[in-house]
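Colleague: I should like to take a close look at a single part of this model, namely the surroundings of the ligand. Please describe them step by step for a first-year student.

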Amino acid sequence: MSHTSHRGHGTDEHELRVLDPATGGVVATVAGTGTADVDAAVARAAKAQVRWAALAPGERARLLRRFAVVVDEHREELARLEVREAGHTVGNARWEAGNVRDLLDYAAGGVERLTGRQIPVPGGLDVTILEPLGVVGVIAPWNFPMPIAAWGTAPALAAGNAVLLKPAETTPLTALRLAELALLAGLPEHLFQVLPGAGPVTGNALVEHPGVAKIVFTGSAAVGRQVLAKGAALVKRVTLELGGKSPNIVFADADVGAAAAAAPMSFLDNAGQDCCARTRILVQRPVYDRFLELLAPAVESVVVGDPSDESTAMGPLISQAQLDRVRSYVPGGLAGIRGTAPEGPGFWFPPTVLTGVDPDARVAVEEVFGPVAVVLPFDDEADAVRLANATEYGLSGSIWTRDVGRALRVSGAVRAGNLSVNSHSSVRYWTPFGGFKQSGIGRELGPDALAAFTETKNVFISTEGPAQ
Ligand code: NAD
């Protein structure tokens, strides 16, 4: 195992040790970024931003497209890095690196299209101008280190901002490599800087810095609330993508076979460390037993193991802390379905489905962020909606039914930002994504992604002559 050491503008007091989740071995040590270093980075970014915003839109778009091409050329390298530091299966990691490319490409296509409006007014011309915010801080989590970093970074850059990216403590390596690739692609120095470090130090310094105009935060609801509260002191723009406890509602009229076949990977993908994971499987009573009969072999046959093996469907959890957290949710005397996981070193937890759980139990209402789902029976449509909404979160959800009217009624009644019918898909870079309730504030991705990184300025130009 090679030991890479990344040294940059950091200080040793906050050194990060990056571990391979599949083995627990050390992959790299990375210097953390202290608060004084954050100040310096903000100052450099502010200067770079002014020059970047002054470039012709076509030039900014061209550079971002080149960045996308360079990411694509390094897709396999980035994917392998993601496997090492995050334990993602290699198939997922390749998709994630490709997603960064697509996000950059899509954002680049928006640069020349970021237009204001002309609004009819008497006595003159009224136009709106979408101006960049300035320096944007992106605080990323460890569960999808590359895509989520790019969700904020790509549209922010495209809209004319500079970006300071703070990756999670456990997963700084792909972010650092992306910053190198940005320079290779010809992006101006200091426009996109990566500041690895501890959340309460480096992340907090970005949140409290008056020179950072907006924070895009993805992570836990607890830290998200702190970011919002601290940002409020500066009236900082804040976007929050927080947790989820998403329902997968299976009605008796659904294709139960298809619903049972699709259910396992809807909460096991990325070892369940996915804010959209469908971890509350709600099944209408007449098909409850049949659904469980079909679900059991589907869960038990999920291949859990070495994430670098092409045939692996599920890898390890990110860390010992996450493993301990997931274990705390699964009581002894488990009733339900259990898959397999490797023994020995690494942070492994088997696919787990709990039945007979009280709908108010911790495991049924809190975000576990591991390969654990509960199955709860329901009586009718109203009962399904009540159960689906019986959580503080509102991020995603799935509805399985053959009745179009029911699909539309239930989609309207479930309080969540991203729903899918007879499918579990919820995240595409060209459709909006975000949460209701405690799942967050604001939307990312989709056609309005760039506008979220601008201020609207209204300018009225009088057509009256000068006052006599
Ligand atoms: P976290 O919220 O602590 O970390 C997310 C990011 O915020 C990291 O980059 C971290 O360094 C940073 N951070 C931490 N404290 C900060 C602070 N005071 N100021 C500014 N930034 C700070 O999440 P975690 O501890 O890594 O995970 C805990 C739980 O959060 C998980 O088990 C899961 O339930 C949830 N989570 C959700 C998502 C999501 O995509 N919604 C992602 C990661 C974690």
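**The surroundings of the ligand**

Modeller: In this predicted model, a polar side-chain atom of Trp-142 is placed 2.5 Å from an oxygen atom of the ligand. Lys-166 also turns to a ligand oxygen atom: one of the polar atoms in the Lys-166 side chain lies 2.6 Å from an oxygen atom of the ligand. With Leu-242 the backbone takes part, as a backbone N or O atom of this residue lies 2.6 Å from a nitrogen atom of the ligand. On its own, the ligand has 820 Å² of accessible area, and the protein covers 87% of this.

The space that the ligand takes is the largest pocket. The elements that give two or more residues to the shell around the ligand are α7 (199–208), β9 (214–218), α8 (221–233) and α11 (320–327). Of these, α7 provides the largest share, 4 residues.

The ligand has 27 residues around it, and those that come nearest are Ala-140, Trp-142, Lys-166, Ser-220 and Leu-242. By character, the shell consists of 12 nonpolar, 10 polar and 5 charged residues.

Finally, the domains may be considered. Residues of the shell come from both domain 1 (15–242 + 439–458) and domain 2 (247–421), and therefore the ligand lies between the two domains.

Notes. Residues are numbered from 1 along each chain as its sequence is written. This is a predicted model: local features need pLDDT of at least 70, side-chain atom pairs count only at pLDDT 80 or more; totals for chains, interfaces and linings use all residues. Side-chain values use heavy atoms; hydrogens and water are left out. A residue is near a molecule or strand if one of its heavy atoms lies within 4 Å of it. A polar contact is a pair of N or O atoms within 3.5 Å; within protein, one must be able to donate a hydrogen and the other to accept it, and residues adjacent in sequence count only if both atoms are side-chain atoms. Accessible areas come from the Shrake-Rupley method with a 1.4 Å probe; for residues, only the protein chains shown count as cover. On a 1 Å grid over the protein atoms alone, a cavity is a set of points where a 1.4 Å probe fits but cannot get out, and a pocket is an open set with protein on both sides within 12 Å along at least five of seven lines; lining residues have an atom within 4 Å of a point. A molecule sits in a cavity or pocket if more than half of its atoms lie within 2 Å of its grid points. Ala, Val, Leu, Ile, Met, Phe, Trp, Tyr, Cys and Pro count as nonpolar, Asp, Glu, Lys and Arg as charged, and the others, Gly among them, as polar. Domain bounds come from an automatic or database domain assignment.
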